[in-house]
Amino acid sequence: MHNKTLAELKIGLAKREFSSVELTRHFLDRIKSLDENYNSFISVTEDSALASARQADTNLSTGEASALCGLPIAHKDIFCTNGVRTSCGSRMLDNFVPPYNARIVDNFAAAGAVVLGKTNMDEFAMGSSNETSYYGPVKNPWHTDCVPGGSSGGSAAVIAARLAPAATATDTGGSIRQPAALCGITGLKPTYGRVSRWGMIAFASSLDQGGPMAHSAEDAAMLLNIMAGFDARDSTSAERKVPDYTATLNQDIAGLTVGIPSEYFDEGLNPATEQAVREALAELEKQGATLKDISLPHSHLSVPAYYVIAPAEASANLSRFDGARYGYRCKDPVDLHDMYMRSRAEGFGDEVKRRILVGAYCLSAGYYDAYYNKAMQVRRLIKNDFESAFNEVDIIAGPTCPNPAFEFGAKGDNPVAMYLEDIYTIAANLAGLPAMSLPCGFVDEKPVGLQLIGQYFEEARMLNIAHRYQLATDWHQQSPAGIQL
Amino acid sequence: MTIDRADIEKLGELARIAITEANIEATTRSINEVLALVDQLQSANTDQVSPLANPLDATQRLRHDRISESNHREDFQPLAPATENGLYLVPKVIE
């Protein structure tokens, strides 16, 4: 059962090949026996999962099944879950049990999904390797000496290891696409504003966006149908109609123009990764798409712009963690100032503190124009690059990451080496464009991701291209050694 | 732009994060590495370019000025490190 896609499991449930309780127990058993190898869950919600599954079986038998009735999923531990600890991978929130659900958590509950648990992640979603989690790193199911990517490394690993068929995730600079690429699964970051951020713990509010992770584009479309939509409680939520993302998956892609940005095939790209990506592009061409060389001339400034804007927004967002109303408080504070200083020093990990300090610096008097305003101007130039490109092409394609999964500790203590792993993913966040990663091959037995970047709100076209590619290839059906049985 | 030990101490104070003596050198070094990265921005010509804060150039949506939420004090108080009689307890602010 665990090698099936969500779409296949849905058919299995409808045909009564298995019940939701059987399916849920199967995945819970796998988590129990295998997750010690991967550390991909922070919390497993066995009792509530089985209760949801029993309810789903009742609904399936009476014909009241909603879209995801009885299908197991996992939530990234950044989404608030009523009554279930939501840590955001941080000591600061190790004891935080929200009294409410994130909007998308409610959406999945209404759709009948069964929640197996909460997945591990880089602390406050700040990281590209899962090494910053307070709960220890997630291990890549393909190579347990290697990182799964981050920050949604837990969500990616549970799918790759077949501990859950699908999961939610978030992407601020590549946190869905990069771990999807490194773990050989399919992940989609929607257009900024497409998915509600209500109840999603904020990192950088003008960049953060929730999205799905799954085995296939078809499954991602099923999940996005549940996640997308206007929410009055999120002030940047898009007031636009949501299409049925599964309806157009099979459309012919002949005649589409695919833009290939030269900047995404620079000297920093691993040659074997490039070869896998070029073969994927050739497959799109075989299906009738036209490849067109394009330029995104400000690409090299996306990482520098991001490391001003994201820390600046993080320093503001994370000022709420003060040890007063919830979260970690240091022992025996002598006064209020000491409580703030030590609660935050002890509750946050090194990378989070680094970004808060960088953000505070970029926003401080005398530096605002040189850093923050300059970064927002460069952000405009990056968005303009994409707008020019989309005058000529329907979709942009290239690698998700410059390299396959690297070993733990490989980036040493230089934060910038880690930041550069997101060199191809960050621009889509700065511009607010939808983008996804799908498996397109292997380098040294490690998965490689093909990235697609779409026009605003054209997730359906991106999913259509991804689905057509997956109909012709089987990279997305590969599983790590030892998982098959 | 590089920063020194005194800057880091000031930033720690601004951000309300205690930086221990043992960590101050490593923190200064790593933040300077990040600042060296972001200094690349200075190479861009941004004359006449307006800053982009929201990727869709959206403006803040307003709502009617009326009460839309009820009080959830009973839900929130159990999360606090210390409470008493419905209040949040913090160390003494005024002697």
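Two strands are said to pair if DSSP finds at least two bridges between them. Helices (H or I, at least four residues) and strands (E, at least two) are themselves DSSP runs, numbered from the N terminus. The structure described here is a predicted model, in which local features need pLDDT of at least 70, side-chain atom pairs count only at pLDDT 80 or more, and totals for chains, interfaces and linings use all residues. Residues are numbered from 1 along each chain as its sequence is written, while chains are lettered from A and ligands numbered from 1 in the order in which they are written.

A good place to begin is strand 3 of chain A. Strand 1 of chain A pairs with strand 3 of chain A in the antiparallel sense, over 3 bridges. Strand 2 of chain A is joined to strand 3 of chain A by 4 bridges, and these two run parallel. One residue helps to picture the arrangement: K118(A) in strand 3 of chain A has S43(A) opposite it, and H75(A) also stands opposite K118(A). Is strand 3 of chain A enclosed or open? Here a residue is called buried if 20 or more other C-beta atoms lie within 10 Å of its own, exposed if 12 or fewer, and partly exposed in between, with C-beta atoms placed from the backbone. Because 6 of the 6 residues of strand 3 of chain A are buried, this strand is largely enclosed by the rest of the structure.

A second group of strands in chain A is centred here on strand 9. Strand 9 of chain A covers residues 395-399, and 5 of its 5 residues are buried. Strand 7 (residues 257-261) of chain A runs parallel to strand 9 of chain A and is joined to it by 2 bridges; in this pairing, V258(A) has I395(A) as its bridge partner. Strand 11 (residues 446-454) of chain A runs antiparallel to strand 9 of chain A, with 5 bridges between them. There, A397(A) has L452(A) as its bridge partner.

The helices come next. Two packed helices are described by the angle between their axes and the distance between the axes. Axes are lines fitted to C-alpha atoms, for helices over the stretch in contact, and angles run from 0 to 180 degrees between N-to-C directions. In chain A, the axes of helix 2 (residues 20-34) and helix 3 (residues 46-61) come within 8 Å and cross at roughly 155°. That angle makes helix 2 of chain A roughly antiparallel to helix 3 of chain A, the word being used for angles over 145 degrees (under 35 is roughly parallel, 65 to 115 roughly perpendicular and the rest oblique). Residues are in contact if their C-beta atoms, placed from the backbone, lie within 7 Å. Helix 2 of chain A contributes S20(A), V21(A), T24(A) and L28(A) to the contact, and among the residues from helix 3 of chain A are E46(A), A49(A), L50(A) and A53(A). By class, this contact has 7 nonpolar, 2 polar and 3 charged residues; Ala, Val, Leu, Ile, Met, Phe, Trp, Tyr, Cys and Pro count as nonpolar, Asp, Glu, Lys and Arg as charged, and the others, Gly among them, as polar.

Helix 4 (residues 103-110) of chain A has R103(A), I104(A), V105(A), N107(A) and F108(A) as its buried residues. These pack against strand 2 (72-76), strand 4 (166-171), strand 6 (209-214) and helix 7 (217-227) of chain A. Helix 4 of chain A is followed by G112(A), whose phi is positive, near 85°.

Some loop residues of chain A also deserve a look. N39(A), in the loop between helix 2 and strand 1 (41-44) of chain A, has a positive phi near 60° although it is a residue other than glycine. N39(A) counts as buried because it has 20 C-beta neighbours inside 10 Å. F124(A), found in the loop between strand 3 and helix 5 of chain A, is not a glycine either, yet its phi is positive, about 50°. With 29 C-beta neighbours inside 10 Å, F124(A) counts as buried. S151(A) lies in the loop between strand 3 (114-119) and helix 5 (153-160) of chain A, and the peptide bond from G150(A) to S151(A) is cis, with omega near 5°.

Finally, chain B touches chain A through a contact that takes 37 residues from chain B and 57 residues from chain A. On the chain B side, helix 2 of chain B gives the most, with 6 residues.

Conventions: Contact = placed C-beta atoms within 7 Å.
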